[in-house]
Amino acid sequence: MSLVIENKSSGTRLLKILEKTTIRDFVVSYSPKGSKIERAVLASEVCRKKAVIFSRRKQAWKEDFFEELYSFPNCSYFDQVDAFNQLILFTKEFYSDLL
């Protein structure tokens, strides 16, 4: 298991702090490429292949997440969407045999 952290802004500072801890071996620095919209386009290709599956169980976070996801990029907030896209692209890049 890994803790993937974007190597930008506050993530860079967090990576430096975690270097000095016992979990440093589980921390992975990730530098996404392209704009948030470019990443969304690339991640959507993986989703269209039905390589991403969500549980059917009702969960409190899902409603807000899907509202943000389906209204991107015309939404007020898109941190969840960008994190989701980065997860897909990170997985595709480092675990390509899974997708």
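**Notebook: a buried salt-bridge pair and its surroundings**

I began with one pair of side chains and found that Arg 39 and Asp 82 are both buried. I was looking at a predicted model, and I kept that in mind for each entry below.

**Entry 1, the pair and its partner.** I looked up how the two side chains meet, and Arg 39 and Asp 82 form a salt bridge with N to O at 2.9 Å. Arg 39 belongs to helix 2 and Asp 82 to helix 4, so this pair ties together parts of the chain 43 residues apart in sequence. For Asp 82 I noted a relative accessible area of 4%, which is why I list Asp 82 as buried. I then found that Asp 82 also forms a salt bridge with Lys 36, where the closest N and O atoms are 3.1 Å apart. That second pair again links distant parts of the chain, with Lys 36 in helix 2 and Asp 82 in helix 4, 46 residues apart. Lys 36 has a relative accessibility of 31% and therefore counts as partly exposed. I recorded Lys 36, Arg 39 and Asp 82 as linked in a network of salt bridges.

**Entry 2, the remaining bridge.** How many salt bridges does the structure hold? I counted three. Besides the two above I noted Glu 93 with Lys 33, whose side chains meet at 4.0 Å, N to O. Glu 93 sits in helix 4 and Lys 33 in the loop between strand 2 and helix 2, so to speak of sequence, they are 60 residues apart and link distant parts of the chain. Glu 93 is partly exposed at 43% relative accessibility, whereas Lys 33 is exposed, with a relative accessible area of 60%.

**Entry 3, a lysine without a bridge.** I next turned to Lys 62 in helix 3, which covers residues 60–71. Lys 62 is buried yet has no salt bridge, and the nearest side chain of opposite charge, that of Glu 63, is 11 Å away. Leaving out residues up to four places away in sequence, I found that Lys 62 touches Ser 55, Arg 56 and Arg 57.

**Entry 4, helix 4.** I went back to the helix that holds Asp 82 and Glu 93, and found that helix 4 has 16 residues and reaches 22 Å from its first C-alpha to its last, close to the 22 Å expected. Its buried residues include Val 81, Asp 82, Phe 84, Ile 88, Leu 89 and Phe 90. Among the elements that cover these buried residues I listed strand 1, strand 2, helix 2 and helix 3.

**Entry 5, helix 1.** In helix 1 I found Gly 11, Leu 15 and Leu 18 buried. Seen down the helix axis, these residues fall within an arc of 70°, so they line one face of helix 1. On the other side, Ser 9, Arg 13, Lys 16 and Ile 17 are exposed. The cover over the buried residues includes strand 1 (3–6) and strand 2 (27–30).

**Entry 6, the whole chain.** I closed with the overall picture, in which four helices and two strands run β-α-β-α-α-α from the N terminus on. Of the 99 residues, 27% count as buried, and the C-alpha trace spans about 40 × 35 × 30 Å along its principal axes. The chain averages a pLDDT of 91, with 97% of the residues scoring at least 70. Among the elements, helix 1 has the highest mean pLDDT (95) and helix 4 the lowest (91).

How values were computed. Residues are numbered from 1 along each chain as its sequence is written. This is a predicted model: local features need pLDDT of at least 70, side-chain atom pairs count only at pLDDT 80 or more; totals for chains, interfaces and linings use all residues. Side-chain values use heavy atoms; hydrogens and water are left out. Buried means under 20% relative accessible area, exposed over 50%, partly exposed in between (1.4 Å probe, protein chains only). Lys and Arg count as positive and Asp and Glu as negative; His and the chain ends are not counted. Contact means heavy atoms within 4.5 Å. pLDDT is the predictor's confidence in each residue, from 0 to 100. The arc is that of the directions from the helix axis to the C-beta atoms. The expected span of a helix is 1.5 Å times one less than its number of residues.
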